[in-house]
Amino acid sequence: MDQLSSVPQAANLAAPARDLRRIGVHPDHWYPLAWSRELKPGRSLAVRFAGEPIVLVRPANGEVYALEDRCAHRQVPLSRGVVQDATIRCCYHGWRYDRSGCCVEVPYLGKDKLPNGVRAYPCREAGGLILVFPGDPARAALVPLPALGSVGDSHYRTRRFGEVVACHYSFMHENLMDMNHQFLHRRQMGQIRPRFLGQRRGETWLEAKYSFARVSGRRPLGEAAIFGGRIDAARADRVAERDIMTIRTEYPYQTLRIQTRDTRPVMDLWIVYVPLDRAQRSHRVFGLLSVRRPKIPILLDLAWPFLVLFSERIFREDRDIVELEQAAHDAQGADRNQEVFPVIRDLRALLAACGAPE
Ligand code: FES
Ligand SMILES: [Fe+2]
């Protein structure tokens with residue numbers, strides 16, 4: 001089921017009956033829990049998914065695996081232990097576990113008396129991310145890994161970014177999809193008037209399209225880095241109308257693509273918000289921002305520091321505001337938002353419908 005509407009209508013999806021800010025992400029998806037570069041061979045790394053402690057292990061030879069970060073013996077974190085060959089040995093009494101979570105050695109017990117081990121999570125590595133399937137392991141084989149935008153495409157340069165944000169993941173989805181908040185970024189971008197072109201949606205996804213016109217203010221260098229020197233200021237408005245931005249929530253991931261005349265996006269962002277604590281009031285962002293190389297590829301490398309600075313400033317403004325939204329929700333104890341933009345109302349309903357069951 002997929003529909004296209006250029007004029008915003010009242011939301012067809014029912015408003016969430018439960019408070020969206022209390023709905024957990026659905027665990028039956030692949031979530032990145034670390035960047036590949038954070039985990040060196042022969043080491044382990046403690047991470048979390050919605051309050052669950054998980055240890056990622058990278059043997060000196062072999063693929064990364066993920067286990068519950070609690071020794072079956074006295075529940076201390078396995079991540080404090082030592083990686084030996086393809087196993088991890090607990091730091092306390094030296095119990096040893098393999099990649100399936102089986103206890104394969106208790107140094108002071110016979111092989112025939114080994115106790116039960118710990119939970120193992122399906123784990124994969126792609127695009128510089130270590131992804132774990134925290135839900136029903138039987139479903140992992142049925143759920144494909146997410147497509148990571150233009151990562152790995154040599155025509156693009158990718159920036160990997162992310163940090164911890166103290167809010168429920170749903171605020172982030174709403175923030176990115178709602179281009180009516182450009183006023184927040186007026187110091188970084190000048191005044192931009194977004195034009196909503198329409199939305200499409202399916203059962204597990206929703207996307208909105210916009211074009212942009214510059215109302216006043218100069219074009220920041222970071223933005224110019226994305227579009228190249230193609231547009232001179234005098235023509236900026238007219239040309240900007242041809243630049244289409246598509247923002248899509250494909251549960252639980254989000255993408256933002258900017259398309260100009262070509263079929264390939266000039267900018268291709270893939271992002272996900274992975275809850276850290278059990279109440280899911282904080283999350284870690286994993287973002288892959290891919291920018292297409294211009295005809296003279298070195299130009300992008302020269303512009304890169306400006307692009308990084310620009311995107312960091314924008315992200316900081318967004319982070320501050322969503323954390324204030326979370327603080328208001330905490331203080332008021334309920335969701336009192338009065339959302340008037342149909343796309344965001346639909347998005348909220350989608351996030352609620354796709355979220356973890358009660
Ligand atoms: S607590 Fe891990 S071996 Fe004893
Ligand atoms: Fe923003």
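User: Let's start broad: how many helices and strands does the protein have?
Analyst: This is a predicted model, and everything below is read from it. Going by the secondary structure, the protein comes out at six helices and 20 strands.

User: What share of the 358 residues is buried?
Analyst: A residue goes into this group when its relative accessible area is under 20%. Across the 358 residues of the protein, the buried share is 52%.

User: And of the contacts between residues at least 6 apart in sequence, what percentage join residues at least 24 apart?
Analyst: Start from the contacts in the protein whose partners sit at least 6 apart in sequence. Then pick out those that join residues at least 24 apart, and you get 62%.

User: On to the metal. Which residues are the protein donors of the iron ion (ligand 2)?
Analyst: The donor atoms lie 2.1 to 2.4 Å from the iron ion (ligand 2). Along the chain they follow the spacing H-x3-H-x132-D. Two histidines give their NE2 atoms and one aspartate appears twice through OD atoms, so to speak by name: His-181, His-185 and Asp-318.

User: What do the angles make of the iron site: tetrahedral or irregular?
Analyst: There are four donor atoms, with angles of 57 to 146° among them. To count as tetrahedral, all angles would have to lie between 85 and 135 degrees. The angles at the iron ion (ligand 2) run outside that window, so the site is irregular.

User: How many residues apart are His-185 and Asp-318?
Analyst: His-185 is in the loop between helix H1 (169–177) and helix H2 (186–189), while Asp-318 belongs to helix H5 (residues 298–332). Both residues are buried. The pair links distant parts of the chain, with a separation of 133 residues.

User: How many residues of H1 are buried?
Analyst: H1 is mostly covered. Its buried residues include Tyr-169, Phe-171, His-173, Glu-174 and Met-177. The full tally for the helix is nine of nine.

User: What distance does H5 reach from its first C-alpha to its last?
Analyst: H5 has 35 residues, and at 1.5 Å a residue the expected reach is 51 Å. The model comes close to that, with a reach of 51 Å.

User: Where in H5 does the kink lie?
Analyst: The helix bends by about 45°. The kink comes shortly before the proline Pro-305. Just after H5, Gly-333 takes a positive phi of about 75°, but the kink itself lies at Trp-304.

User: Which side chains make polar contacts with the side chain of Glu-105?
Analyst: Glu-105 is found in strand S9 (residues 103–105). Leaving aside neighbours within four places in sequence, its contacts include Gly-94, Trp-95, Lys-111 and Leu-114. The polar contacts of its side chain, at 3.2 Å and 2.6 Å respectively, are with Arg-89 and Arg-96.

User: Why does Leu-39 count as buried?
Analyst: Leu-39 is in the loop between strand S2 (31–35) and strand S3 (43–49). Not counting residues up to four places away in sequence, it touches residues including Leu-45, Leu-56, Val-64 and Ile-130. The cut-off is under 20%, and Leu-39 counts as buried because its relative accessible area is 3%.

User: Is His-26 buried or exposed?
Analyst: His-26 lies in the loop between strand S1 (3–5) and S2. Its contacts beyond four places in sequence include Tyr-31, Tyr-251 and Cys-354, and a polar atom of its side chain lies 3.1 Å from the backbone nitrogen of Asp-28. With a relative accessible area of 19%, under the 20% limit, His-26 is buried.

User: Which residues does the cis peptide bond with omega about 0° join?
Analyst: The proline of the pair is found in the loop between strand S17 (244–250) and strand S18 (253–259). The cis bond joins Tyr-251 and Pro-252.

User: Is Asp-85 buried or exposed?
Analyst: Asp-85 sits in the loop between S6 and strand S7 (87–89). Its phi is near 50°, a positive value in a residue other than glycine. Relative accessibility is 67%, and the cut-off is over 50%, so Asp-85 counts as exposed.

User: What relative accessibility does Gln-75 have?
Analyst: Gln-75 lies in the loop between strand S5 (65–68) and strand S6 (82–84). Though not a glycine, Gln-75 has a positive phi of about 65°. It counts as partly exposed, at a relative accessibility of 47%.

Technical notes: Residues are numbered from 1 along each chain as its sequence is written. Chains are lettered from A and ligands numbered from 1 in the order in which they are written. This is a predicted model: local features need pLDDT of at least 70, side-chain atom pairs count only at pLDDT 80 or more; totals for chains, interfaces and linings use all residues. Side-chain values use heavy atoms; hydrogens and water are left out. Helices (H or I, at least four residues) and strands (E, at least two) are DSSP runs, numbered from the N terminus. A polar contact is a pair of N or O atoms within 3.5 Å; within protein, one must be able to donate a hydrogen and the other to accept it, and residues adjacent in sequence count only if both atoms are side-chain atoms. Contact means heavy atoms within 4.5 Å. Donors are N, O and S atoms within 2.8 Å of the metal (3.2 Å for Na, K and Ca); water is not among the atoms, so sites may look incomplete. Four donors count as tetrahedral if all angles lie between 85 and 135 degrees; four count as square planar and six as octahedral if opposite donors are over 155 degrees apart and all others between 65 and 115; anything else is irregular. Buried means under 20% relative accessible area, exposed over 50%, partly exposed in between (1.4 Å probe, protein chains only). The expected span of a helix is 1.5 Å times one less than its number of residues. The bend at a residue is the angle between axes fitted to the seven residues ending there and the seven starting there.
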